[in-house]
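Me: I have a structure on the screen and want to go through its fold, step by step. Can we take it as short questions and answers?

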Amino acid sequence: MFTQLSPASLFSLKGKVALVTGGAGGIASGLARAFVAAGAALVLADRNDAVIKRVDELRSAGADAAALVFDVTDAAAVDRAFDEAVQRFGRIDIVVNNAAIIVRKPFLELTQDDWKRVIDIDLTACFTVAQRAAKLMVAQGSGRIINMSSIMNHVSRPNLVPYVTAKGGLAAFTRATNYVGACRRWS
């Protein structure tokens, strides 16, 4: 006879702290529910104040959660956010690089600003957040960094050139850093 198992019963993140960027978006909503269901404390980060409402909803349901409003493209703001999260929870065990934007325009209509904005948020900010997280995790002796890519890193659709480029770059970045190995070599 089969016993119905919930995903949360398959593993526990009790005592762990997860930080998710892009915390006001739709994917983050599912990530937040999964982390909380598995017992993790949660930090949702976004440049949009809507993240505060999402955290308030989680807290009203009993979650140990905090909202941080900052821009992932600002390295000093990333440092301050990590410091604030560590001050609140004592550690960060899991970081999910989830912040991303899409500019939908034909290639010949894209501006330098369109290109730069997508690359800065979808790729460069992931480097900044991952490097800050990795430094913290090396000092802690453990941690996991998850970079959210897209099927668009393998295939493309019209009018998504900067997004496809950024997600392909993020996949390559993830392979190149191999966080555990890269951190051990440089620590």
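## Core, sheet and two buried polar residues

Me: Which residues have the most contacts inside the largest nonpolar core?
Reply: Keep in mind that this is a predicted model. Its largest nonpolar core holds 29 residues. Those with the most contacts inside it are Val-43, Leu-68, Phe-70, Phe-82, Ile-92 and Val-95.

Me: Which element gives the most to this core?
Reply: The elements that supply two or more residues are β1, β2, β3, α4 (75-89), α5 (112-140) and α6 (161-177). The top contributor gives eight residues. That element is α5.

Me: How many residues does the other core have?
Reply: Another core lies apart from the largest one. Ala-28, Phe-35, Ala-40 and Val-55 are among its members. Its count is 18 residues.

Me: What does Phe-70 touch, leaving aside neighbours within four places in sequence?
Reply: Phe-70 is one of the residues with the most contacts inside the largest core. With those sequence neighbours set aside, its partners are Ala-45, Asp-46, Arg-47, Ala-77, Val-78 and Ala-81.

Me: What is the strand order in the open sheet?
Reply: The sheet has five strands, and the pairing is parallel. From one strand to the next, the twist averages 15°. The order is β3-β2-β1-β4-β5.

Me: Which strands stand at the edges?
Reply: An edge strand has a single partner, so one of its sides is left without a neighbour in the sheet. Two strands fit that description: β3 (65-69) and β5 (144-147).

Me: Which residue in β4 stands opposite Val-20?
Reply: Strands β1 (residues 17-21) and β4 (residues 94-97) run parallel. Three bridges join them. Opposite Val-20 stands Val-96.

Me: At what angle does helix α3 run to β3?
Reply: Helix α3 covers residues 50-60. It lies across β2 (41-46) and β3. Its angle to β3 is about 175°.

Me: Is Asn-97 buried or exposed?
Reply: Asn-97 sits in strand β4. Its relative accessible area is 2%. The cut-off for burial is under 20%. Asn-97 is therefore buried.

Me: Which side chain makes a polar contact with that of Asn-97?
Reply: Four bridges join β4 to β5, and these strands run parallel. Asn-97 stands opposite a residue of β5. The two side chains are joined by a polar contact of 2.9 Å. The partner is Asn-147.

Me: Which residues form the covered face of β5?
Reply: β5 has two faces. Arg-144 and Ile-146 make up the uncovered one. The covered face is formed by Ile-145 and Asn-147.

Me: What is the handedness of the β-α-β unit made by β4, α5 and β5?
Reply: Strands β4 and β5 run parallel. Together with α5 they make a β-α-β unit. The unit is right-handed.

Me: Is Arg-132 buried or exposed, and what does it touch beyond four places in sequence?
Reply: Arg-132 lies in helix α5. Its relative accessible area is 18%, so it counts as buried. Leaving aside neighbours within four places in sequence, its contacts are Val-78, Asp-79, Phe-82 and Asp-83.

Me: How much of the protein counts as buried?
Reply: The secondary structure comes to seven helices and five strands. Of the contacts with a separation of 6 or more, 62% are between residues 24 or more positions apart. The protein has 187 residues, and the buried share is 44%.

Notes
Residues are numbered from 1 along each chain as its sequence is written. This is a predicted model: local features need pLDDT of at least 70, side-chain atom pairs count only at pLDDT 80 or more; totals for chains, interfaces and linings use all residues. Side-chain values use heavy atoms; hydrogens and water are left out. Two strands pair if DSSP finds at least two bridges between them. Axes are lines fitted to C-alpha atoms, for helices over the stretch in contact, and angles run from 0 to 180 degrees between N-to-C directions. Contact means heavy atoms within 4.5 Å. A nonpolar core is a set of buried Ala, Val, Leu, Ile, Met, Phe, Trp, Tyr and Cys residues joined through side-chain atoms within 4.5 Å. Buried means under 20% relative accessible area, exposed over 50%, partly exposed in between (1.4 Å probe, protein chains only). A polar contact is a pair of N or O atoms within 3.5 Å; within protein, one must be able to donate a hydrogen and the other to accept it, and residues adjacent in sequence count only if both atoms are side-chain atoms. A crossover is right-handed if, with the strands pointing away from the viewer, the path from the first strand over the helix to the second runs clockwise.
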